[in-house]
Amino acid sequence: MATAAMDDLADRYADRAVSSVFLYTREAHPGENYRHHTSMEDKRANAGAFQEQYGVRRPILLDTLEGDAHRAYGVLPNMTWIIGRGGIVQYKAAWTDAGHVEQALLYALDTQDRKAKEGLTPFYSETLSWRQRDDEAFKEGLKRTGPQAVEDFYGTKKN
Amino acid sequence: MAAYNYTEFDLPTELVPFESFPNYINVGTRGPNFPLQDLHTGEMVEMKNLWSKGFAVIEFGSFT
């Protein structure tokens, strides 16, 4: 996850009426040390551990135990959405890449300023986006969660 | 709830939502509002309040 970079982005745009949050969902890779949630207390405890580990500066908001918001927005493990005034979705990405989010945010801020005076009209577009993978960091995260998380992901479980 | 908060990660199952994501809540349409709980204060927060004064950047995720 791009936690530090997303925190930095939040700091840079806070004075432009941009509100940035981390919405805490289910555990994507539950293991012995950070198990699946059976209560909001479980969710709160794991979110607190996450905040402590990464020093997250953005507000962390907890979804319901059943993941109402997460499921409505697509149930992906690390997506990012940008939503504008009136609740209109400006951007949705299946994965979080801080640089990509910043491009989209700058575009949204720019067109917000220009659309009235230049008479801009919206159109739909799609792009294929790319991100860097940090396999070592990902594997370290799985190890921290516990052997089960490693076995589940890499399919090394012994029957 | 058992299916949402699964006990074991299963790669083929978890790849399915990536395929359907393009069809979820299109850009240019309204995002649904949900109540959320602030980790630190314990207070309930309406998601729509995040975008009431400007843009909201919402990253979804978890520790694991």
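Is A:Asp68 buried, partly exposed or exposed, and what is the relative accessible area of A:Asp68? A:Asp68 is partly exposed, with a relative accessible area of 30%. This value, like those below, comes from a predicted model.

The predictor assigns the complex an ipTM of 0.95 and a pTM of 0.94. The average pLDDT of chain B is 94. In chain B, 97% of the residues score at least 70.

Chain A contains 6 helices and 4 strands. Read from the N terminus, the order of elements is α-β-α-β-α-β-β-α-α-α. The C-alpha trace of chain A spans about 65 × 30 × 25 Å along its principal axes. Chain A has 159 residues, of which 45% count as buried. Contacts between residues at least 6 apart in sequence were also examined for chain A; 52% of them join residues at least 24 apart.

The exposed area of chain A is about 8,500 Å². Carbon and sulfur atoms supply 50% of that area. Chain A carries 21 positive and 24 negative charges. The mean positions of the two sets are 2 Å apart.

Over all chains, the structure holds 12 salt bridges. One of them pairs the side chains of A:Arg58 and A:Asp7, at 2.7 Å from N to O. A:Arg58 sits in the loop between α2 (40-54) and β2 (60-62) of chain A, while A:Asp7 belongs to helix α1 (residues 3-13), so this salt bridge ties together parts that are 51 residues apart in sequence. A:Asp7 is buried, at 2% relative accessibility. A:Arg58 is buried too, with a relative accessible area of 5%.

A:Arg58 also forms a salt bridge with B:Glu59, again at 2.7 Å from N to O. B:Glu59 lies in strand β3 (residues 55-61) of chain B, and A:Arg58 in the α2-β2 loop of chain A, so the pair joins two chains. Both A:Arg58 and B:Glu59 are buried. Together, A:Asp7, A:Arg58 and B:Glu59 are linked in a network of salt bridges.

A further salt bridge brings together the side chains of A:Asp68 and A:Arg71, at 3.0 Å from N to O. Both residues lie in helix α3 (residues 68-72) of chain A. Because A:Asp68 and A:Arg71 are 3 residues apart in this helix, about one helical turn separates them. A:Arg71 has 38% relative accessibility and counts as partly exposed. A:Asp68, at 30%, is likewise partly exposed.

Terms used: Residues are numbered from 1 along each chain as its sequence is written. Chains are lettered from A and ligands numbered from 1 in the order in which they are written. This is a predicted model: local features need pLDDT of at least 70, side-chain atom pairs count only at pLDDT 80 or more; totals for chains, interfaces and linings use all residues. Side-chain values use heavy atoms; hydrogens and water are left out. Buried means under 20% relative accessible area, exposed over 50%, partly exposed in between (1.4 Å probe, protein chains only). Contact means heavy atoms within 4.5 Å. Accessible areas come from the Shrake-Rupley method with a 1.4 Å probe; for residues, only the protein chains shown count as cover. Lys and Arg count as positive and Asp and Glu as negative; His and the chain ends are not counted. The place of a charge is taken as NZ of Lys, CZ of Arg, CG of Asp or CD of Glu. pLDDT is the predictor's confidence in each residue, from 0 to 100. A salt bridge is a side-chain nitrogen of Lys or Arg within 4 Å of a carboxyl oxygen of Asp or Glu.
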